[in-house]
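Visitor: I would like a close look at one part of this model, the sheet region. Please start with a pairing detail and work outwards from there.

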Amino acid sequence: MKLTPDASKISHLPLCSNHRVSHSNSHSFPHSLAVSKCFSAITDSILVPTTPQVRNPEIESNDSISQSLVVVSFYKFADFPDHAEMRKPLKELCEELHVSGGIILASEGINGSICGTRESVERVLVFIQTDNRLKGLRQVESPVSPEEEAIHHGHTSSSPLAAGEDAPFRWDHVRVKLKKEIVSLGMPTVSPIERVGKYVNPREWNALITDPDTVVIDVRNSYETRIGKFKGAVDPCTTAFREFPSWVEDKFQLAESDDRCTKVEVNVSDGSTEKETESQGQLMPPRVAMYCTGGIRCEKASSFLLSKGFKEVYHLEGGILKYLEEVPKTESLWEGECFVFDKRVSVEHGLVEGTFKLCYGCKQPVSDTDMEAPEWEYGVSCPYCYSSKSEEEKERARARQRQFETWGIIGGPDKGRRPTLKTDGVKSNVTRPSNSV
């Protein structure tokens with residue numbers, strides 16, 4: 001199937017102002033989207049009014065909304081063997097609309113987080129869903145602060161300085177990658193398309209996790225749980241999602257693995273020894289409730305638990321982000337902040353940007369206290385990675401940081417290329433720092 005982002009293939013895009021876009025699927029945008037600009041072609045001559053224009057506050061308000069930036073995370077598990085065909089047209093459309101972020105395409109579906117104007121982001125999502133297999137994307141929208149908007153709009157798309165390191169994503173920079181999985185568990189037989197746990201909406205989540213028969217499991221990694229989690233949740237202390245199946249097998253007595261046990265030597269009265277078995281792990285809990293950032297890891301995790309014999313498996317619909325958006329702080333059981341995979345680093349209730357920053361040496365969140373530690377060096381190391389980095393690695397990181405401070409991006413305006421400059425009519429080669437440092 002040939003995919004293209006041109007207008008002829010997206011004929012159902014809104015063609016007139018103030019068109020309200022909504023989806024019947026319950027997991028679409030939390031708010032309907034106001035698309036204020038027209039996409040119809042310019043026709044004949046335009047009449048210039050002879051009387052002064054009357055301001056329309058409602059139209060101006062809608063135009064302001066359409067130009068504000070939003071961050072939208074989305075995913076959909078689907079049977080998508082020809083996923084590679086979407087990469088080129090999708091990337092070209094994002095670049096044309098100045099939508100930044102990262103998107104993963106795999107034979108099991110799509111996963112992404114993008115930033116741009118509300119109108120542009122909606123056009124990208126509409127294009128993705130022109131493929132019927134990807135209709136009904138599970139989406140979570142987050143606002144962008146006025147400060148971040150100023151950073152974005154303060155640079156043109158041709159600026160060599162891009163959007164700056166504090167923007168949600170680099171302006172005009174989108175990655176569309178092809179991978180084996182849209183979220184890496186390393187177990188191809190686990191398929192949320194075939195079976196998945198029961199979704200629980202944020203408003204019903206508190207009642208579920210406060211039930212004493214429910215075991216609440218945080219499916220995220222230790223650097224995420226370190227800055228926030230639900231009260232009473234079990235932390236698997238994993239460093240990667242691929243470690244989750246091993247943790248489950250070690251933690252619980254699985255139905256298909258009842259024969260997994262250790263042999264223990266026991267002394268008897270005649271001085272000889274007997275072999276006695278000792279079961280490993282806890283009994284399966286009657287009910288498991290899982291959660292993650294946006295919901296995608298729970299899809300695979302719940303499918304995995306069901307394959308191992310767990311009976312009642314629930315997961316938070318829309319993840320922590322949806323919970324923080326919908327549940328008031330006064331009613332919340334969430335403690336701390338939620339790590340997000342963009343340059344906001346963390347968010348709080350109402351999806352307001354949090355207080356944590358990012359260590360560019362290890363990509364882990366750091367607090368103000370962490371940045372006062374002797375192991376902290378901006379762009380190089382933090383208390384969580386200092387001891388694991390060699391001096392050579394730290395020096396390379398310092399070189400990269402000097403490039404960024406000098407040019408605004410790694411490699412300078414020419415991104416490591418040696419430009420040819422004219423001086424008094426004579427061409428001369430000027431060596432710039434290479435982005436391979």
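Which residue in strand 7 does Leu105 stand opposite?

Guide: Leu105 stands opposite Leu178 in strand 7. The model is predicted, so to speak with a filter: local features need pLDDT of at least 70 and side-chain atom pairs count only at pLDDT 80 or more, while totals for chains, interfaces and linings use all residues. Residues are numbered from 1 along each chain as its sequence is written, and side-chain values use heavy atoms, leaving out hydrogens and water.

Strand 4 covers residues 100-106 and runs parallel to strand 7, with 5 bridges joining the two. (Strands pair if DSSP finds at least two bridges between them; helices, H or I of at least four residues, and strands, E of at least two, are DSSP runs numbered from the N terminus.) Strands of a sheet pair through backbone hydrogen bonds, either parallel or antiparallel.

These two strands belong to an open sheet of 5 strands, in the order 6-3-5-4-7, with mixed pairing. Its edge strands are strand 6 and strand 7 (174-178), each of which pairs on one side only. From one strand to the next, the twist averages 10°. (Angles run from 0 to 180 degrees between N-to-C directions of lines fitted to C-alpha atoms, for helices over the stretch in contact.)

Two helices lie across this sheet. Helix 2 lies across strand 4 and strand 7 and runs at about 180° to strand 7. Helix 3 lies across strand 3, strand 5 (109-117) and strand 6, and its angle to strand 5 is about 160°.

Several salt bridges belong to the elements just named. (A salt bridge is a side-chain nitrogen of Lys or Arg within 4 Å of a carboxyl oxygen of Asp or Glu.) Helix 3 is tied to edge strand 6 in this way: the side chains of Arg118 and Glu141 meet in a salt bridge with an N to O distance of 2.9 Å. This pair links distant parts of the chain, since Arg118 lies in helix 3 and Glu141 in strand 6, 23 residues apart. Arg118 and Glu141 are both buried. (Buried means under 20% relative accessible area, exposed over 50%, partly exposed in between, with a 1.4 Å probe and protein chains only.) Elsewhere, Glu108, Glu181, Arg242 and Lys300 are joined into one network by salt bridges that share partners.

Within helix 2, Lys91 and Glu95 form a salt bridge of 3.4 Å, N to O. They are 4 residues apart in that helix, about one turn. An α-helix has 3.6 residues a turn, so residues three or four places apart point the same way. Lys91 counts as partly exposed at 23% relative accessibility, and Glu95 is partly exposed at 38%.

A further salt bridge connects two loops next to these helices, with Arg133 and Asp82 at 2.8 Å, N to O. Arg133 sits in the loop between helix 3 (118-128) and strand 6 (138-143), and Asp82 in the loop between strand 3 (69-77) and helix 2 (84-96), 51 residues apart. Arg133 is partly exposed, with a relative accessible area of 29%, and Asp82 is partly exposed too, at 23%. Over the whole structure, the search finds 23 salt bridges.

There is also an open sheet of 4 strands, ordered 8-14-13-9, and its pairing is parallel. Strand 8 (198-200) and strand 9 (214-218) form its edges, each pairing on one side only. Neighbouring strands here are turned by 30° against each other on average, direction ignored. Strand 9 runs parallel to strand 13 (residues 287-291), to which 5 bridges join it. In that pairing, Thr214 stands opposite Arg287. Helix 5 (residues 202-209) packs on this sheet, touching strand 8, strand 9, strand 13 and strand 14 (313-316), and makes about 135° with the direction of strand 13.

Helix 5 has a buried side made up of residues that include Pro202, Trp205, Asn206, Leu208 and Ile209. These residues lie on the same side of helix 5 because they cover an arc of only 165° around its axis. (The arc is that of the directions from the helix axis to the C-beta atoms.) They pack against strand 8, strand 9, strand 10 (228-230), strand 13, strand 14 and helix 9 (319-326). (Contact means heavy atoms within 4.5 Å.) Arg203 and Ala207 are exposed, on the face of helix 5 turned away from its buried side.
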